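User: I would like a close look at a single part of this protein, set in the context of the chain around it. Please take one helix and follow what it touches, one step at a time.

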Amino acid sequence: MTQIVGIICKDAIVIGCESQYTMGGSKQFERQKIDRFVFKDGSDGVVAFAGAVGPALRTIDLMKEIAVKVEPDKERSGAEIAREAVLKFRREVMAVYQKTPSTMSVQEQDYLFADSEDYGFALLVGYAFKNPRHVSTQPAKILRLYRVDLADGRPERIKKYDVPGSGQNLAAFALEQFDCSRLTWKEAVPLMVDALERIKTIDLYCGGTVRVAVLEPELHPKVRVAFLDDFTQRIIEKLKALRKANAEWQQKKYRELIEEIHAEDYAAIMRELRDEEDQHRQWHEQYGGVEVYRPKQPPSKSPKTSNGQSGEPAK
């Protein structure tokens, strides 16, 4: 498995990945997981994969063959290229078993393409298509980001971000704190790089150099994909210092948080003590100077003498 991150910003599409291949018990570093494909008009699209290496690379090759015959003039132009490539790859695999989509059962296809780790992968596909309602107040190109899985081949439009891969939970946690659709690509790239670098430290299936590609339609007359390799490494160096400073800042804030809670608890205890003192003072003012009523007991009778007189001494 591997990890890729795709963000659709307000001015560009940014896709990043680490560069480790994990195949069985072996690992290969500094390998290609992100690539460009070229439309008929010469404009670029960008594609990256997570999952089974061989099947994904073959599908990307098929995408490149299909893309050169397709104009990016429809919203789903790039998505349909990926869908067609995935379905073509599925047919190639079926042919190995001397099967076709009509002769291989749904259960057999699910076993091969959905449940098997030998074939399963996901693609992120980014591109720009011509705006059919383009006027001076609107962009000439509109950005689209899609995810396509081998399991079913149906393109799923991504409106903010997507994080296919083994470290997707951590990646989603990092990105969910931000409204990615409001970020510029210059803000999104450091966020993406930071997420991928953190994933590499805890995920055995991720490693190697982080690579980032930016597709910005307004940068050139034709859409071009820029690979920010040197820029990314400089970001990583800056992020190390930033993370250390953030950790120290957070440690200080955590300590202040506990001290604040302790102060709140102390204040609450003191309020309770003052309330008890006020209640005691009010009771004393109301009842402290008044003799408490006690009912009188009747006098005891003295025993009489033998002559019938009272046994009390004569006065």
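Analyst: What follows is a close reading of helix 2 and its surroundings, with a few other parts of the chain added for context.

The model is a predicted one, and every value below is computed from it. The chain holds six helices and twelve strands, and 40% of its 315 residues are buried. Among contacts between residues at least 6 apart in sequence, 64% join residues at least 24 apart, and helix 2 offers a concrete case of a link between separate parts of the chain, as the salt bridge described below will show.

Helix 2 is made of 20 residues, and the distance from its first C-alpha to its last is 30 Å, close to the 28 Å expected at 1.5 Å a residue. Its buried residues are S77, G78, A79, I81, A82, A85, V86, F89, R90, V93 and M94. The cover over these buried residues includes two other helices, helix 1 and helix 3 (106-115), together with strand 5 (34-38), strand 7 (121-130) and strand 8.

One residue of helix 2 deserves separate attention for its side chain. E92 forms a salt bridge with R58, with N and O 2.7 Å apart. Because E92 lies in helix 2 (residues 77-96) and R58 in helix 1 (residues 53-67), this pair ties together parts that are 34 residues apart in sequence. Neither partner falls in the buried class: E92 is partly exposed at a relative accessible area of 28%, and R58 is likewise partly exposed, at 30%. Helix 1 thus appears in two ways, as part of the cover over the buried residues of helix 2 and as the element that carries R58.

The stretch that follows the helix has a feature of its own. Just after helix 2, Q98 takes a positive phi of about 55°, although Q98 is not a glycine. This residue sits in the loop between helix 2 and helix 3, and with a relative accessible area of 74% Q98 is exposed. E30 also has a positive phi, near 55°, without being a glycine; its place is the loop between strand 4 (26-28) and strand 5, and at a relative accessible area of 49% E30 counts as partly exposed. Strand 5, which borders that loop, is also among the elements covering helix 2.

To place the E92 and R58 pair among its counterparts, the model has 20 salt bridges by the rule used here. One of them joins D162 and R147, whose closest N and O atoms are 3.2 Å apart. D162 belongs to strand 10 (residues 161-162) and R147 to strand 8 (residues 141-149), so that the pair links distant parts of the chain, 15 residues apart. Both D162 and R147 are buried, whereas E92 and R58 are partly exposed. Strand 8, which carries R147, is one of the elements that cover the buried residues of helix 2.

A salt bridge within one helix makes a useful contrast. The side chains of E237 and K240 meet with N and O 3.5 Å apart; being three residues apart in helix 6 (residues 229-287), they are separated by about one helical turn. K240 is partly exposed, at 46% relative accessibility. Salt bridges that share partners also join E75, R144 and R157 into one network.

Helix 6 leads on to another part of the chain, the second largest pocket, where helix 6 gives the most to the lining, with six residues. Helix 4 (168-176) and helix 5 (185-202) are the other helices that each supply at least two residues there. This pocket has a volume of about 430 Å³, and of its 17 lining residues F178, L191, D194, R198 and N246 lie nearest its centre. The lining divides into ten nonpolar, three polar and four charged residues.

Helix 5 can be set beside helix 2 as a second example. Its 18 residues should span 26 Å at 1.5 Å a residue, and its end C-alpha atoms are indeed 26 Å apart. Among its buried residues are L191 and D194, both of which are also among those nearest the centre of the pocket. The cover over the buried residues of helix 5 includes strand 1 (4-8), strand 2 (13-17), helix 4, strand 11 (211-215) and helix 6.

Conventions: Residues are numbered from 1 along each chain as its sequence is written. This is a predicted model: local features need pLDDT of at least 70, side-chain atom pairs count only at pLDDT 80 or more; totals for chains, interfaces and linings use all residues. Side-chain values use heavy atoms; hydrogens and water are left out. A salt bridge is a side-chain nitrogen of Lys or Arg within 4 Å of a carboxyl oxygen of Asp or Glu. Helices (H or I, at least four residues) and strands (E, at least two) are DSSP runs, numbered from the N terminus. Buried means under 20% relative accessible area, exposed over 50%, partly exposed in between (1.4 Å probe, protein chains only). On a 1 Å grid over the protein atoms alone, a cavity is a set of points where a 1.4 Å probe fits but cannot get out, and a pocket is an open set with protein on both sides within 12 Å along at least five of seven lines; lining residues have an atom within 4 Å of a point. Grid points are joined across faces, edges and corners, and a volume is the space filled by probe spheres set on the points. Ala, Val, Leu, Ile, Met, Phe, Trp, Tyr, Cys and Pro count as nonpolar, Asp, Glu, Lys and Arg as charged, and the others, Gly among them, as polar. The expected span of a helix is 1.5 Å times one less than its number of residues. Contact means heavy atoms within 4.5 Å.
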